[in-house]
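Thanks for coming. I will walk through one structure today, starting at a loop and working inward. Please have a look at the sequence and the model first.

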Amino acid sequence: MIESLDLSHNKLSGQIPSQLTELDFLSNFNLSYNNLSGPTPNAGQFANFDETNYRGNPGLCGPTIDKNCTGVLDSPTTESGNRAEEDESAVDMVSFYWSFAASYVTLMLEPPDHEGVLKA
């Protein structure tokens, strides 16, 4: 089970997927220094994370980072702008999920800690 998810400095952009709030076993979570935008998750354990977990993402808003989302989400865009943004988000989500899967596999392959085992 993943307890720590650090996706900082990964050039991620777009909104933070709402599906992340379904993860209820994270003790550490870091999305800092990417290019994320939109509201920060504030449900479940995500209510316990603070601004340091989202630092360096000027497009994010929400109570977690003391930045009002009014006007941020309602910015007018053209129809072609929306289509381009959707395409970009799809690519970003693929990158996000690959990063998440790689982190999960890395943690699963990590050898167990054998503290307390006496060596001869």
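I start with K11, which is in the loop between β1 and β2. This is a predicted model, so please hear each value as computed from it. K11 has a relative accessible area of 78%, which puts it among the exposed residues. Its phi is positive, about 60°, although K11 is not a glycine.

H9 is found in the loop between β1 and β2 as well. Its phi is near 55°, again a positive value in a residue other than glycine. Is H9 buried or exposed? H9 is exposed, at 59% relative accessibility.

S8 also lies in that loop, which runs between β1 (4–6) and β2 (13–14). S8, however, is buried, with a relative accessible area of 15%. The cut-off for buried is under 20%, so S8 at 15% falls on that side. What does S8 touch, if we leave aside its neighbours within four places in sequence? The contacts of S8 are N30, L31, S32 and N34.

One step back along the chain is strand β1, and S4 is placed there. S4 counts as partly exposed, at 34% relative accessibility. In sequence S4 and F25 are 21 residues apart, while their C-alpha atoms are 8.6 Å apart in space.

Now the overall layout. The chain has 5 strands and 1 helix. In sequence order the pattern reads β-β-β-β-β-α. Of the 120 residues in the chain, 28% are buried. The chain exposes about 8,200 Å², and carbon and sulfur atoms supply 54% of that area. If we take contacts between residues at least 6 apart in sequence, 40% of them join residues at least 24 apart.

Next, the inside. The largest nonpolar core has 17 residues. Which of them touch the most other members? They are I16, L20, L26, F29, L31, F46 and Y54. I will take a few of these in turn.

F46 is in the loop between β4 (35–39) and β5 (59–61). Although F46 sits in a loop, its relative accessibility is 0%, so it counts as buried. Not counting residues up to four places away in sequence, F46 touches L20, T21, L23, L26, F29, P41 and Y54. F46 and S27 are 19 residues apart in sequence, and their C-alpha atoms are 9.7 Å apart.

L26 is one of the contacts of F46. With neighbours within four places left aside, L26 is in contact with I2, E3, S4, L5, Q45, F46 and F49. S4, the partly exposed residue in β1, is thus on the list for L26.

On to the aromatic rings. How many aromatic pairs does the structure hold? There are 4 aromatic pairs. One of them is F29 with Y54, an edge-to-face pair with 6.2 Å centre to centre and 65° between the planes. F29 lies in strand β3 (residues 28–30) and Y54 in the loop between β4 and β5, so this pair ties together parts that are 25 residues apart in sequence. F29 counts as buried at 2% relative accessibility, and Y54 is buried with a relative accessible area of 2%. Ring pairs link F29, F46, F49 and Y54 into a cluster.

Then the cysteines. A disulfide is a covalent bond between the sulfur atoms of two cysteines. The count here is 1 disulfide. It joins C61 to C69, with 2.1 Å from S to S. Is the link of C61 and C69 right-handed or left-handed? The link is right-handed, with 105° about the S-S bond. Both C61 and C69 are buried.

Last, the charged side chains. The count comes to 1 salt bridge. The side chains of R55 and E51 form that bridge, at 3.1 Å from N to O. Where do these two stand in terms of exposure? R55 is partly exposed, with a relative accessible area of 35%, and E51 is partly exposed too, at 31%.

To recap: the loop between β1 and β2 holds exposed K11 and buried S8. F46 is buried and belongs to a ring cluster with F29, F49 and Y54. A disulfide joins C61 to C69, and a salt bridge joins R55 and E51. That is all I have.

Key
Residues numbered from 1 in each chain as written. Predicted model: local features only at pLDDT ≥ 70, side-chain atom pairs only at ≥ 80, totals over all residues. Heavy atoms only, no water. Salt bridge = Lys/Arg side-chain N within 4 Å of Asp/Glu carboxyl O. Buried < 20%, exposed > 50% of the residue type's maximum accessible area, 1.4 Å probe, protein only. Helix = DSSP H or I, 4+ residues; strand = E, 2+ residues; numbered from the N terminus. Contact = heavy atoms within 4.5 Å. Areas by Shrake-Rupley, 256 points an atom, 1.4 Å probe, with all protein chains shown as cover. Phe/Tyr/Trp six-rings, centres within 6.5 Å; stacked < 30°, edge-to-face > 60°. Core = buried A, V, L, I, M, F, W, Y, C linked by side-chain atoms within 4.5 Å. Disulfide = S-S within 2.5 Å.
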